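Below is a short report on selected local features of one protein model. It covers a sheet, a metal site and some backbone details.

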Amino acid sequence: MLVSRKIYIKGIVQGVGFRPFVYGLAAKHHITGWVKNSSAGVEIMANGRETDVSAFTQDLQSQSPTLSKIDSVRIEEVDPVEYSGFEILQSESLPGEFIPVSPDMSICDDCLRELFDPKDRRYRYPFINCTNCGPRFTIIKDIPYDRPLTTMSDFKMCEPCREEYEDPLDRRFHAQPTACGECGPQIWFEDREGKKFYGESGLQMARQWIRNGKIIAVKGLGGFHLACDALNERSLETLRTRKKRSDKPFAVMVFDSTIAEAQAEVDPAERSLLESKEKPIVIVKRRSTSNIPASISPGVNTLGIMLPYTPLHYLLMEPEPGFPEVLVMTSGNLSEEPIAFSNSTALIELNQIADGFLFHDRAIETRVDDTVVTEVSGKRYFYRRSRGFAPDPVRLDMQLRPILAVGAELKNTFCLTRDNYAFLSHHIGDLQNLETLQAFETGIPHYENLFKIKPLAIACDFHPDYLSTQYANNRACQAELPLITVQHHHAHLASVMADNDLITNEPVIGVIFDGTGYGLDGNIWGGEFLFGGYAQVDRKFHLEYMPLPGGDSATLHPAKIAAAYLWKCGIEWAENTPPMGSFSPDQRSVLLSQLKTDLNCPKTSSMGRLFDAVASLIGLRHEVNYEAQAAIELENIINPEQEKSYHFEVEDMQVRIAPVLDGVLQDLQNKVSKPDIAAKFHNSIRLLVLEICDRISRETGCRTVALSGGVWQNKYLVSHSIKDLEELNYTVLTHHRVPANDGGIALGQALLANYQLNNQ
Ligand SMILES: [Zn+2]
Ligand SMILES: [Zn+2]
């Protein structure tokens, strides 16, 4: 029997080789008709025998191209029409419709083979790509995703490239960034004096300079990296000094996972993350035999490692006797600034850091940082979700209203929603930096335009001083839109619920641990046990309030925090305790009077600060040079064999800290080792989580626990707590699509706003 069916496909189906794939399938199944792109996705007219059309429809979904992601398929029976063959028709634009845009994707195996094949016409061409790989989001200026609307518009295709581009059976059919050495972007090496070396000689010059210990700024996919020989102690030192980055670990790049495995303990799950097509930075444990100097990541035994993801990286990293196997590939910026992504700004901003520049002339439209992940319980766990992932939406099993959620102030991402998509932006960064704030302000309209979203409401943090909140205020005022403020930890809870596709309003137990979030009572929250869902939330228990002398600035001085916590807990400032020894008598009396008079000492229930206090208390770190350094180092020294713990006391709604501090001090006196104390401290938090979840569960009957907030980036804590809770038959919700830290909070804000709008 002959049938005709119209098939509508939504998802990432453009710019990923979908139409040629459909074309090939049609031939295989003797289907006539056509396929075309529309601004809503892909439309197919399939005409043929009933069994053939069914098989065709099935293969469409089961064999779709690597980079495609089908979200929905709708099939419509239509009156049979005769077609002589199968055709690819012109795109059609439907007003207001949109389709998701593919993130940038690492070079595919086919292109990699051609890159190193001397007989291929793109042999050693640094911008080789096809419909299965290459730049996407970083080069898109507008939709529809067509070459004139990308930064490739400046390059006119040569004849051979155009033939491939127009051949439906070619791997490069409608690959918008396709190019070759004849017609596409070029690289060149430039020294500080402006002397230039083009093409292969430029590449070799850059390699020679790296080999000689120099620091090279390399333009990549989403911005610049600073590259140098990671095995050269002096290069590392120079880079640290010039970048003004004293301790924060540098990420490295190696040619393949064999080299990664020689330097680090890479388990199979980590290896598959490393080799995944998104090619994130994976945090792994450095081997004791690694020949990378310890100054790569001072104070920690982990290593942030990634594989090459662009053809240029492969050429740069190409193994050769005498060429370093491991390169530092750290973001091309001065400490705390956003990474440079245009040639002209790199020349200015990186001039004092880089000895030379490996440039190219394919412009980057949107700056996108590397993604950073680790593995928890065998699954990907984000620290930073950016390149390779954004702007791929978080898909939810519900319809969302058009909402803009502006996120937090640090590690900012924003989120726009429509249909069943939550478009969580790439990592924007710290909004207190002016350039980052500008990236935030231009990023939002860019997303709104790409995904055709006109927000009906704006959601922001309850913190009145966040720059994101101020933006939301202004925007809501100007556009006369409702502004929905959301408490920070409630947003974390909603974020982890949405991350797990929990979209009903069934309440859960939320264990939300982070550094700083503005509380409903005006205090700084961060050690919170919540019970609730999207509709509302109760604060059931929290760490008792401690003074934070100097407010936010105290986060740089764990010793101050430790002293303040001891004072508040009524524990004497003994001369021989490590934090006290780090103060001069003058500093000490200033601090004491500040605490006594309660001068600029906001109160905090932060779990992050408790980690700082303990790190200083045992003499591990009194000052930090980057965010969460003390907590990271405390986790790093844990003796995993140590199973003992201290214990918190719970009184009313509050978790008393004094018994834990007492326990730590006693162990110090008894010369218990720091690794043992660190383990016992972590274990006491595990026990606290169990105890309080148990209390809330007994009261409410709830058996689901959600873990969110920056403290849950602590791998020891999160993996053990998951196990602990699961052993007691709790269902545990953790993050796996967005970060547990503030980088995931915009998703929660959007969901909470959506709920409010639905229930007004
Ligand atoms: Zn490819
Ligand atoms: Zn060409």
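The report takes the sheet, then the metal site, then the backbone.

This is a predicted model, in which local features need pLDDT of at least 70 and side-chain atom pairs count only at pLDDT 80 or more, while totals for chains, interfaces and linings use all residues. Residues are numbered from 1 along each chain as its sequence is written, chains are lettered from A and ligands numbered from 1 in the order in which they are written, and side-chain values use heavy atoms, without hydrogens and water.

**Sheet and helices.** Helices (H or I, at least four residues) and strands (E, at least two) are DSSP runs, numbered from the N terminus. Two strands pair if DSSP finds at least two bridges between them. An open sheet of five strands has the order β4-β1-β3-β2-β5, with mixed pairing. Its edges are β4 (69-78) and β5 (86-88), each of which pairs on one side only. From one strand to the next, the twist averages 15 degrees; axes are lines fitted to C-alpha atoms, for helices over the stretch in contact, and angles run from 0 to 180 degrees between N-to-C directions. Strand β2 (residues 32-38) runs parallel to β5 and is joined to β5 by three bridges. Opposite tryptophan 34 stands glutamate 87 in β5.

Helix α1 (residues 18-28) packs on the sheet and touches β1 (2-12), β2, β3 (41-49), β4 and β5, where contact means heavy atoms within 4.5 Å. The direction of α1 makes about 175 degrees with that of β5. Helix α2 (residues 50-62) also packs on the sheet, touching β1, β3 and β4, at about 150 degrees to the direction of β3.

**Zinc site.** Cys108, Cys111, Cys130 and Cys133 each provide SG as a donor to the zinc ion (ligand 1), at 2.3 Å; donors are N, O and S atoms within 2.8 Å of the metal (3.2 Å for Na, K and Ca), and water is not among the atoms, so sites may look incomplete. The donor residues are spaced C-x2-C-x18-C-x2-C. The arrangement is tetrahedral because the four donor atoms subtend angles of 105 to 118 degrees, and four donors count as tetrahedral if all angles lie between 85 and 135 degrees.

**Accessibility and backbone.** Buried means under 20% relative accessible area and exposed over 50%, with partly exposed in between (1.4 Å probe, protein chains only).

| Residue | Relative accessible area | Class |
|---|---|---|
| Cysteine 108 | 13% | buried |
| Cysteine 111 | 0% | buried |
| Arginine 124 | 16% | buried |
| Asparagine 729 | 63% | exposed |

Arginine 124, not a glycine, has a positive phi of about 60 degrees and lies in the loop between α3 (109-115) and α4 (159-166). Alanine 390 and proline 391 are joined by a cis peptide bond with omega of about 5 degrees.

Notes: Four donors count as tetrahedral if all angles lie between 85 and 135 degrees; four count as square planar and six as octahedral if opposite donors are over 155 degrees apart and all others between 65 and 115; anything else is irregular.
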